[in-house]
Structure formats: structure tokens, C-alpha cells
Amino acid sequence: MPLLNSISKVIQAFSKLLHVEIACFNPKGELIAATEEYILRKGTKVHVPFFNNLYGHHITFLHEPGKMQSCVGCHFINHCPSKAELVQDMIINGKKYGYLSFVSFSPENEVKLIENKQYYIEWLSRLKEIIISILRDTDVFKAADNRYFALENYIFGKSKALTDIRKLIKGIRNSTSSILITGETGTGKSLLAQYIHEMSLVSKGPFVELNCAAIPESLFESEIFGYEEGAFTNAKKSGKKGYFELADHGTLFMDEIADLPLNLQPKLLKVLQDGMIMRVGGTSSKKVDVRLISATNQPFNELLDEKRFRSDLYYRLNVIPITIPPLRERMEDLALLALHFIKKLKERTGKLIDSCSEEYMGVLSAYHWPGNLRELENVIEYSMNIESNNVLTTDSLPPYLANSAVSRPILAGKSTSPKPGLAEAERDVIIQKLQAYENSYTGKQKAAKDLGISIRTLYRKMEKLEIHI
Ligand SMILES: Nc1ncnc2c1ncn2[C@@H]1O[C@H](COP(=O)(O)OP(=O)(O)OP(=O)(O)O)[C@@H](O)[C@H]1O
Ligand SMILES: [Mg+2]
């Protein structure tokens, strides 16, 4: 299979470069690819319960393979050929892609792995990204039986707005009506969509995520509805399932729905009305049973006024509206969220840090968080990486935050509509990110990635906020 071949080649190259043995498994614990030495010593089967325990831990360092509690039941118990292993779960955006492991079989390599743990962790993460980028476009991995999501990953906090959202979700758990989640970038729309799915009647079915801004317009229809054999040049021989078919009996999450091309909007409306889809190049329709959740960070009023979005579709999507307020309007949740991110990032950074100083929290509280929870998480990740104490202190704050917290107090007022200050804050963040990279398309792609938005959304924001870089 060409796909596995490419993964195998990458693994061999990394192994040569880093002098470690490498193995990569799918979510069921089946070996996808490994170095020869690994297969020779450990074979192709893993002790699945052992690996299952590792999900959600990001990186686990095993210094006594074969002698750990979770090795009970493994045929290598007490005589595991591995001397040390560094294992990482491959999860991105809540989707499970499997596990990746760096292994040492000799005492010399064991020492190397232990002494240069941080170095190997970095390479492990890079390899993970490469492997996921190879896997993510395949149908198998688009389907959600690979998804990892624990309800406790979503922190509601104690603000009234979020408590109300929690109540609403509980109340609609038996419903399959469409939901539209709105909120600024980074407020947690994607995570909430997963939470809603997990709480719903269709939680046993797939959760399939589609980012409307990331699909080229020309491919949209075939991606959403699939295509039949020979539908166009370069079409796969066997045809291909679209996102609706992949999400059958589950949830389809259409992120950045405002980017749905106008010419496809009537087609989506039709599916929502009669539940029938027709593949591109197909001659008959097929019934699908899909719960739709969509999300956007763009104000729909403008889109409707400018006729960039059909109002009939909007009403269909917006049967149950949920608006997540920006973080600066729910600051009573800040401490809880900060502690949650510290805990989450503890494993990833390998630091023994469980909390932060009062001054540190003071700076976080005085800031206006234009990038919302994503920005908070990034700030904490930065601090966790460079902090030398056992709690986070103001010394490890990113400079931009320390400075802007002093010069720009939190925006006055509670929950009101977007104000000029907000646009200004967003403008500042975008400029900062753009300046961090070279002034080119690639630079902008990197900035967009950091901001957690698509390149198209970045260009649109630059135009709207009059950023000319
Ligand atoms: N309530 C929450 N509890 C814990 N983590 C959260 C919560 N909300 C958001 N996060 C984290 O914050 C980050 C941003 O969340 P998410 O991607 O869901 O935001 P978004 O609103 O979809 O952003 P965008 O508009 O850019 O797509 C993620 O890393 C997510 O895990
Ligand atoms: Mg999102």
C-alpha cells in the first residue's frame, strides 16, 4: 500500500538519523510500520490494554518496560526486549491516529534516550505530525471511530453563560436538530461540537469534522457528497465517499460554515430537508442520517445582508443557536481554565509544574484575550517551557503579554456587542503574528496556523481590519 510505504520510509529515515528503533501503530494497536530491528525483537503485536492506558497522556516515558503494572497480561512480561521507550499518542483535534514509539534495545541507547529525553520528545512530535499528515487524508482516518474525546476535556467553568450552555446541551441530548455555534476565534467552538456529539443520542456513531475554509472551491462538492467512479479526470477508480456518507448515523461538524461556497448552499439545504445525497457523477440518491453541527466566528448578519449566505439555509442550520462568549466576558472561568491547561501541558513539556503564582494569575486577569482560550493555552505552553521554578511566575510570561497587560487594561464593560477596541486588539494580534514571519505567502500561512485560522480567513481579516503588510 503506497501510504504505508511512505510512512515506512519516513520511519527508516528518522531511525537512521536519531539512532533509535521506531514503531507506529493504528488505534487498534496493530503495527502500521516499524524498523526491521523492532519487528525482529518485538514482533508485530502489541499489548493493547497497555497502549490504551496511554491515550490522553501525550508522551509517556517507559523506563522499565515489562515490569510495569500495565504490562500485566503482555507476553513480554518480565522479559521485555526494550530497555526504554518513549511513546506518544497520535491525537490531533480529538482524532485518534494511533501511537508512535521510540525504542532502545541496547543499554547504550537506553542511556542516550534517557539523557536526551527532551531532544527525542521534540523529534517524536515532528515525526507524529508527518505521519498524521500522511494518514489524515485517507477515508479510514476521516471516520470518527478513531476519535478520542473525554467529556472532562471540556471545562465549562462557573460563568452564567457557560452554565446555561451546559444546561441547554443536557436538555437537547435526545434531539437531532441542527446546531449553529458562534463565537470569536479560539473560544472553543470545535471542542464544544465534540462535547455535544459525545452527549448526544448518536454518540456511538462517527463524528466527522469538515473545515469549509480548508477545501478548495472546485473540490467542495465531491468532498461533501462523494463521487462515483470516473466522475472526473483523476477520480479514484472505486469512487469515494463524501463527508455526509462518512458521518452517517453520527454527527457532521461543518466548521467555518460561512466559507461554504454560495453555489453549494442550495445543495446543502436540500440534504438538510430530505436527508438524500447524490454523489458527483451518480445517478441515484442515497438516504443519510446525519446530525449537523456548524460553527463560525463571522457575524452572520453581515453575510446575510451582503447576500453571501442564503437566509433559508441559515435558518435551517440555526435551529439551535449557541453563542460562546469571549474569554474576557467570562473571566470568572479564567483560573479554572489556566489550571486545566497547566495540567494538560504538564506531560507534554515534561515539567513538574502544577500551578501558577498570584502575580502570574494577576497578569492573566488583566489581559483582554483577543485569541481567547487558544491564546491562553499558548501562553501557558510558552511559560511551561521556559519556567525554571516549580510554579509559573511572571518571569516566564511571553513579553508581549507582560507589556500589553500593563499598557492596555482589560476592556471595560461586561457582555456587550463587539466594540472598536476589540477589532483593534484583534488587529494587534494579527500584525504581531504576521511580523513574526517573513512577508510571503508561506509566512502568512504560518501566521494563520498560529492564529488557528485558515489562510482565507486571515486574508479576509486583513482586508477588514485594513492590515497592509
Ligand atoms: N471549554 C474548554 N475547556 C478546555 N479547553 C478548551 C475549552 N474551549 C477551548 N479549549 C481549548 O482551546 C483551544 C481552542 O479551542 P477550539 O479550537 O475549539 O476553538 P474554536 O472556537 O473552534 O476556534 P476557531 O474559531 O479558531 O476554529 C483548543 O486547544 C481547545 O482544546
Ligand atoms: Mg474551530
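Two residues are taken to be in contact if their C-beta atoms, placed from the backbone, lie within 7 Å. On that basis, residues 24 or more positions apart make up 70% of the contacts in the chain with a separation of 6 or more. The model described here is a predicted one. Its chain has 469 residues, of which 37% count as buried, and its secondary structure comprises 20 helices and 12 strands.

A good place to start exploring is the open sheet built from five strands. Their order is 7-8-11-6-12, and the pairing is parallel. Strand 7 (207-211) and strand 12 (320-323) form the edges, each of them pairing on one side only. On average, and with direction ignored, neighbouring strands of this sheet are turned by 20° against each other. At one edge, five bridges join strand 7 to strand 8 (residues 250-255) in the parallel sense; here Val 208 stands opposite Leu 252 of strand 8.

Strand 5 (residues 95-104) offers a second point of interest. Of its 10 residues, 10 are buried, so strand 5 is largely enclosed by the rest of the structure. Its pairing with strand 1 (residues 21-25) is antiparallel and runs over five bridges. Within this pair, Cys 24 has Leu 100 in strand 5 as its bridge partner. As background for both pairings, strands of a sheet pair through backbone hydrogen bonds, either parallel or antiparallel.

Next comes the surroundings of ligand 1. Both domain 2 (149-323) and domain 3 (327-407) give residues to the shell around ligand 1, so the ligand lies between these two domains. The shell holds 18 residues, and those that come nearest are Ile 155, Gly 188, Lys 189, Ser 190 and Leu 373. Helix 8 (189-199) and helix 16 (372-386) each supply at least two residues of the shell. Sorted by class, the shell has nine polar, five nonpolar and four charged residues.

Finally, two residues deserve a look for their backbone angles. Lys 307, found in the loop between helix 12 (300-305) and helix 13 (311-317), has a phi near 60°, a positive value in a residue other than glycine. Because Lys 307 has 9 C-beta neighbours inside 10 Å, it counts as exposed; the cut-off for this class is 12 or fewer. Glu 466 lies in the segment after helix 20 (455-464). Although Glu 466 is not a glycine, its phi is positive, at about 55°. With 8 C-beta neighbours inside 10 Å, Glu 466 counts as exposed.

How values were computed
Residues are numbered from 1 along each chain as its sequence is written. Chains are lettered from A and ligands numbered from 1 in the order in which they are written. This is a predicted model: local features need pLDDT of at least 70, side-chain atom pairs count only at pLDDT 80 or more; totals for chains, interfaces and linings use all residues. Two strands pair if DSSP finds at least two bridges between them. Helices (H or I, at least four residues) and strands (E, at least two) are DSSP runs, numbered from the N terminus. Axes are lines fitted to C-alpha atoms, for helices over the stretch in contact, and angles run from 0 to 180 degrees between N-to-C directions. A residue is near a molecule or strand if its C-beta atom, placed from the backbone, lies within 6 Å of it. Ala, Val, Leu, Ile, Met, Phe, Trp, Tyr, Cys and Pro count as nonpolar, Asp, Glu, Lys and Arg as charged, and the others, Gly among them, as polar. Domain bounds come from an automatic or database domain assignment. A residue is buried if 20 or more other C-beta atoms lie within 10 Å of its own, exposed if 12 or fewer, and partly exposed in between; C-beta atoms are placed from the backbone.
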